[in-house]
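Good morning, and thank you for coming. Please take a moment to look at the sequence and the structure on the screen.

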Amino acid sequence: MAWNSVIAHITRPSQTCVLQFFRQLATMIASGIPILRSLEIAATRGAPQHLQVAIATIRQSLLEGATIADGLKKSPQLFRAEHIQLLS
């Protein structure tokens with residue numbers, strides 16, 4: 001295994017972290033918290049650094065008028081095609 005892939009594996013959030021992010025986001029939105037605020041909260045609740053950056057990117061995409069799926073596409077190392085398709 002190449003050194004870069006070892007480092008990426010160590011620093012990349014697990015799919016469990018990503019799924020936990022989706023659950024938290026869904027819960028906040030279902031409880032009436034606006035999506036932009038929900039993303040802001042999710043990024044500050046102990047998410048790994050890579051996930052925090054991805055959440056900030058998603059939030060910025062929404063502020064620029066894009067869809068949440070467009071924001072997810074900007075972090076393919078974290079979000080699988082299935083995640084993006086569900087939110088398209």
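I shall speak about one helix and the aromatic residues associated with it.

Please keep in mind that this is a predicted model. The helix is α2, which runs over residues 15-30. Let us begin with its length. At 1.5 Å a residue, its 16 residues should span 22 Å, and the end C-alpha atoms are 22 Å apart, so the two values agree.

Which residues of α2 are buried? They are V18, F21, F22, L25 and M28. These residues cover an arc of only 135° around the axis, and therefore they lie on the same side of α2. What does this buried side pack against? The buried residues of α2 pack against four helices: α3 (35-44), α4 (49-63), α5 (68-73) and α6 (81-86). On the face turned away from the buried side, the exposed residues are T16, R23, T27 and A30.

I now turn to the aromatic rings. A pair of such rings is described by two values, the distance of the centres and the angle of the planes. Three aromatic pairs are found in a search of the whole structure. One of them joins F21 and F22: the centres are 5.3 Å apart, the planes stand at 45° to each other, and the pair is classed as tilted. F21 and F22 are both buried. Together with F79, F21 and F22 make up one aromatic cluster.

Finally, let us look beyond the end of the helix. α2 is followed by G32, and the phi of G32 is positive, near 100°.

Thank you for your attention.

Methods:
Residues numbered from 1 in each chain as written. Predicted model: local features only at pLDDT ≥ 70, side-chain atom pairs only at ≥ 80, totals over all residues. Heavy atoms only, no water. Phe/Tyr/Trp six-rings, centres within 6.5 Å; stacked < 30°, edge-to-face > 60°. Buried < 20%, exposed > 50% of the residue type's maximum accessible area, 1.4 Å probe, protein only. Helix = DSSP H or I, 4+ residues; strand = E, 2+ residues; numbered from the N terminus. Expected span 1.5 Å × (residues − 1). Arc of directions from axis to C-beta. Contact = heavy atoms within 4.5 Å.
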